[in-house]
Amino acid sequence: MPGNTWLVVGLGNPGPGYANHRHNVGQMVVDELASRIGATFKKHKTPAQVAEGFLRPGGPKLVLAKSNSYMNTSGGPVAALLKFYSLPLERLIVVHDELDIPFDTIKLKIGGGHGGHNGLRDIAKAANSPEYVRVRVGVGRPPGRQDPADFVLQGFSSTERSVLPNLLSDAADAVELVITDGLLAAQQKVHAPSA
């Protein structure tokens with residue numbers, strides 16, 4: 001593998017029945033990245049669908065991945081991908097839904113707790129460390145007393161769907177910024193209040 005390779009994993013559940021749920025927003029973002037670099041997802045030797053390409057000619061190589069397993073068992077596929085591509089944890093970016101951030105907001109961080117997110121919990125367990133970059137895509141809090149587990153397994157509202165393409169594009173931009181500018185510079189740009 002070239003020295004400048006990044007593994008970008010979009011979290012979600014497999015199959016068309018889950019494709020448009022809030023919980024699958026991470027997979028939607030890697031779909032956006034794949035379309036930008038002209039790559040197609042294919043079956044892989046690891047338990048994941050993988051699309052490979054370059055951010056730009058001669059630029060960093062992207063390995064985009066969507067696990068074939070369910071969200072709460074994301075760790076095994078991620079660990080298998082890191083091993084297959086001989087990549088250190090510092091070259092992993094995980095894109096996932098985040099209840100604690102308002103819809104249409106993106107936050108970047110490295111490490112920290114899993115905040116009740118079973119996908120993140122399983123990755124940290126499989127990788128023996130929570131120290132990887134996370135692109136946290138805000139999906140908002142459930143209304144009223146709705147169970148968060150039910151909320152993330154629902155589609156976006158019609159109002160949210162109208163904004164969703166912009167959110168996915170912004171999240172894909174954030175991934176690219178982490179790769180090209182580093183986490184700190186990316187955080188400063190992504191977290192800056194909108195003009």
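The exchange below goes through the core, sheet and salt bridges of a predicted model.

Colleague: Which strands stand at the edges of the sheet?

Modeller: The sheet is open, has seven strands with mixed pairing, and follows the order 2-3-4-1-5-7-6. An edge strand has a single partner strand, so one side of it is left without a neighbour in the sheet. The two that stand there are strand 2 (42-43) and strand 6.

Colleague: Which residue in strand 5 stands opposite Val8?

Modeller: Strand 1 (5-10) and strand 5 (92-98) both supply residues to the largest nonpolar core. Four bridges join strand 1 to strand 5, and the two run parallel. Opposite Val8 stands Ile93.

Colleague: Which element gives the largest share of the largest nonpolar core?

Modeller: That core has 40 residues, and Val8, Leu64, Ile93 and Val135 have the most contacts inside it. Elements that each supply at least two of its residues include helix 1 (25-37), strand 4 (61-67), strand 7 (133-138) and helix 5 (158-181). The largest share, ten residues, comes from helix 5.

Colleague: At what angle does helix 5 run to strand 7?

Modeller: Helix 5 lies across strand 1, strand 4, strand 5, strand 6 and strand 7. Helix 6 also packs on the sheet, where it touches strand 6 and strand 7, and its direction makes about 160 degrees with that of strand 6. For helix 5 and strand 7, the angle is about 165 degrees.

Colleague: How many residues are in the other core, the one with Leu7 and Val50 among them?

Modeller: Leu64, in the largest core, touches Val50 as well as Val8, Val30 and Leu33, among others. Val50 is nevertheless listed in a core that lies apart from the largest one, along with Leu7, Leu120 and Ile123. The number of residues in that other core is 19.

Colleague: How many residues apart are Glu32 and Arg36 in helix 1?

Modeller: Their side chains meet in a salt bridge, at 2.9 Å from N to O. Glu32 is partly exposed at 24% relative accessibility, and Arg36 is partly exposed at 30%. The two are separated by about one helical turn because their spacing in helix 1 is four residues.

Colleague: Which residues are linked with Glu32 and Arg36 in a network of salt bridges?

Modeller: A search of the whole structure finds nine salt bridges. The Glu32 and Arg36 pair belongs to a network that also takes in Asp173 and Glu176.

Colleague: Is Lys61 buried or exposed?

Modeller: Lys61 forms a salt bridge with Glu52, at 2.7 Å from N to O. Glu52 is partly exposed, with a relative accessible area of 37%. Buried means under 20%; at 12%, Lys61 is buried.

Colleague: How many residues apart in sequence are the parts that Asp100 and Arg141 tie together?

Modeller: The closest N and O atoms of this salt bridge are 2.8 Å apart. Asp100 lies in the loop between strand 5 and strand 6, and Arg141 in the loop between strand 7 and helix 4 (148-151). The pair therefore ties together parts whose separation in sequence is 41 residues.

Colleague: How far apart in space are Phe84 and Val137?

Modeller: Phe84 is in helix 2 (residues 75-84) and is partly exposed at 40% relative accessibility. Not counting residues up to four places away in sequence, Phe84 touches His44, Lys45 and Thr46. Val137 is 53 residues from Phe84 in sequence, and the C-alpha to C-alpha distance is 27 Å.

Terms used. Residues are numbered from 1 along each chain as its sequence is written. This is a predicted model: local features need pLDDT of at least 70, side-chain atom pairs count only at pLDDT 80 or more; totals for chains, interfaces and linings use all residues. Side-chain values use heavy atoms; hydrogens and water are left out. A nonpolar core is a set of buried Ala, Val, Leu, Ile, Met, Phe, Trp, Tyr and Cys residues joined through side-chain atoms within 4.5 Å. Buried means under 20% relative accessible area, exposed over 50%, partly exposed in between (1.4 Å probe, protein chains only). Contact means heavy atoms within 4.5 Å. Two strands pair if DSSP finds at least two bridges between them. Axes are lines fitted to C-alpha atoms, for helices over the stretch in contact, and angles run from 0 to 180 degrees between N-to-C directions. A salt bridge is a side-chain nitrogen of Lys or Arg within 4 Å of a carboxyl oxygen of Asp or Glu.
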